[in-house]
Amino acid sequence: MFTALFSSVESGLIYAIMALGVYLSFRILDFPDLTVDGSFVTGAAVCAAMIVNGINPFIATLAALLAGFAAGCLTGILHTKGNINPLLAGILMMIALYSINLRIMGQSNVPLLQESTVFTALLEGWNTLGIDSFMQSFFLSIGLENFIPKTWSILIAMLILIVFIKFVLDYFLKTEVGIAIRAVGDNEKMIASFSANTDMMKIIGLGLSNALVAFSGAFIAQYSGFSDVGMGIGMIIIGLASVIIGEALVGTKTIIRATLAVIIGAIIYRMIIALALRADFLETGDMKMITAAIVIAALVVPQLLAKRKRKKSLHRKRGVKIA
């Protein structure tokens, strides 16, 4: 059980990068961007293809980020310059990326198990510093020798990375360009009346959103040991589930709190999936169904609770009037 939860926290931190990208498009820009299902695979495909061809995994991961940015910008251009409906623009780009991803990989699946990745490099680095030995000694000292993970390198590295991305995103959304992007999502007509270039803000926002999604895809490919053309199916739902769960638990009063909520939501989502898959009647193929159920519950339950609260409040007011 502990090992499963530990692994879910690791993967949750990686998926949190993707969830932040979804938050940027859906919540900040108010843009239903379905490019995510394609750009996630684009990140994985670019990274895997470059690693297999002998490119440094760190450079390959950065290249995946740039590829995702380009995909997001193209979606923005289709919408703003081509006057295509936001939903349709995302669908068109997602479909186009399927063929592009196949071209990039040269085949439907690229294995990375025998290749050097970011995580293998990190493992060597943490071993040199003695981090894993220290954590194992700590667990032994408190009598939890049966619950020692093989390595802490991925968890520590991804925790540092996600904190860095969060602070950079928080800072960016408070800059002049970031505030303009937020304003476009809130009231596009008002911002346009101030002669602001709303089209450029949308393109930049969608580019950054899909850059984070592709960045996450690159890490997932290296974490899983393969890149597959179908690995992005339903990724938008996973991102939305993370956003909705986090917002329900943490709240969204400030940008800092909202981005933290997304990260926590991604981790909790992965933990829920890990626990659900331990049930005897559920299989790995049921993961998409579980995800859909989580999203439905996260959307419906808060509304039912709010409705119940309003009814109670109304009954109290009527009671006061009668008295």
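Select residues 203-223 to begin: in this predicted model the span is 100% helix and 0% strand, and its end C-alpha atoms lie 30 Å apart. These residues make up one of the stretches that an unreviewed UniProt entry lists as "transmembrane region". The others in that record are 12-29, 58-78, 87-106, 152-173, 229-251, 258-277 and 289-306. It may help to give these ranges their own colour before moving on.

**Along helix H10**

Now widen the selection to residues 198-224, which is helix H10. H10 has 27 residues, and the distance from its first C-alpha to its last is 39 Å, close to the 39 Å expected at 1.5 Å a residue. Turn on a surface for the rest of the chain and look at how H10 sits: 21 of its 27 residues are buried, so the helix is largely enclosed by the rest of the structure. Just after H10, click on Gly-225, where phi is positive, about 90°.

**Ala-211 and what it touches**

Stay in H10 and pick Ala-211. Is this residue buried or exposed? Ala-211 is buried, because its relative accessible area of 5% falls under the 20% cut-off. Which residues does Ala-211 touch, not counting those up to four places away in sequence? They are Leu-65, Gly-68 and Phe-69. Draw a distance from Ala-211 to Leu-65, C-alpha to C-alpha: they are 4.8 Å apart in space, yet 146 residues apart in sequence.

**The largest nonpolar core**

Next, show side chains for Ile-17, Met-18, Leu-20, Phe-40, Met-158 and Phe-219; of the 78 residues in the largest nonpolar core, these touch the most other members. Helix H1 (residues 2-28) gives the most to this core, with 14 residues. Colouring by domain adds another view, since the core draws at least three residues from each of domain 1 (1-119 + 152-277) and domain 2 (282-322).

Zoom in on Phe-40. Leaving out residues up to four places away in sequence, Phe-40 touches Tyr-15, Met-18, Val-213, Ala-214, Ser-216, Gly-217, Ile-220, Met-231, Gly-232 and Met-235.

**A buried lysine**

Jump to residues 152-173, another range in the UniProt list. Here the chain is 91% helix and 0% strand, with 32 Å between the end C-alpha atoms. Select Lys-166, which lies in helix H7 (residues 153-172). How does its relative accessible area class Lys-166, as buried or exposed? The value is 9%, so Lys-166 counts as buried, the cut-off being under 20%. Show the residues around it: apart from neighbours within four places in sequence, Lys-166 is in contact with Ile-256, Thr-259, Leu-260 and Ile-263.

**Helices H4 and H11**

Helix H4 (residues 86-105) is a good next stop. It has 20 residues and reaches 28 Å from its first C-alpha to its last, close to the 28 Å expected at 1.5 Å a residue. Highlight its buried residues, Ala-89, Gly-90, Met-93, Leu-97, Asn-101 and Met-105. What do the buried residues of H4 pack against? Their partners are helix H2 (36-52), helix H3 (57-80), strand E1 (109-111) and strand E2 (226-228).

Then move to helix H11 (residues 235-250), where 16 residues reach 22 Å from first C-alpha to last, close to the 22 Å expected at 1.5 Å a residue. Of these 16 residues, 13 are buried, so H11 is largely enclosed by the rest of the structure. Gly-251 follows H11, and its phi is positive, near 100°.

**Two loop residues with positive phi**

Most residues other than glycine have a negative phi. With that in mind, select Asp-30, in the loop between H1 and H2. Asp-30 is not a glycine, but its phi is positive, about 55°. Asp-30 is exposed, with a relative accessible area of 55%.

Asn-83, in the loop between H3 and H4, makes a good companion view. Asn-83 has a positive phi of about 55° although it is not a glycine, and this residue is exposed, with a relative accessible area of 66%.

**Zooming out**

Finish with the whole chain in view. It has 13 helices and two strands, and 46% of its 323 residues count as buried. Among contacts between residues at least 6 apart in sequence, 77% join residues at least 24 apart. Switch on the full surface to end: the accessible area comes to about 16500 Å², and 66% of it belongs to carbon and sulfur atoms.

Terms used: Residues are numbered from 1 along each chain as its sequence is written. This is a predicted model: local features need pLDDT of at least 70, side-chain atom pairs count only at pLDDT 80 or more; totals for chains, interfaces and linings use all residues. Side-chain values use heavy atoms; hydrogens and water are left out. Helices (H or I, at least four residues) and strands (E, at least two) are DSSP runs, numbered from the N terminus. Buried means under 20% relative accessible area, exposed over 50%, partly exposed in between (1.4 Å probe, protein chains only). Contact means heavy atoms within 4.5 Å. UniProt positions are given in the numbering used here, feature names are shortened, and annotations may be inferred rather than shown by experiment. A nonpolar core is a set of buried Ala, Val, Leu, Ile, Met, Phe, Trp, Tyr and Cys residues joined through side-chain atoms within 4.5 Å. Domain bounds come from an automatic or database domain assignment. The expected span of a helix is 1.5 Å times one less than its number of residues. Accessible areas come from the Shrake-Rupley method with a 1.4 Å probe; for residues, only the protein chains shown count as cover.
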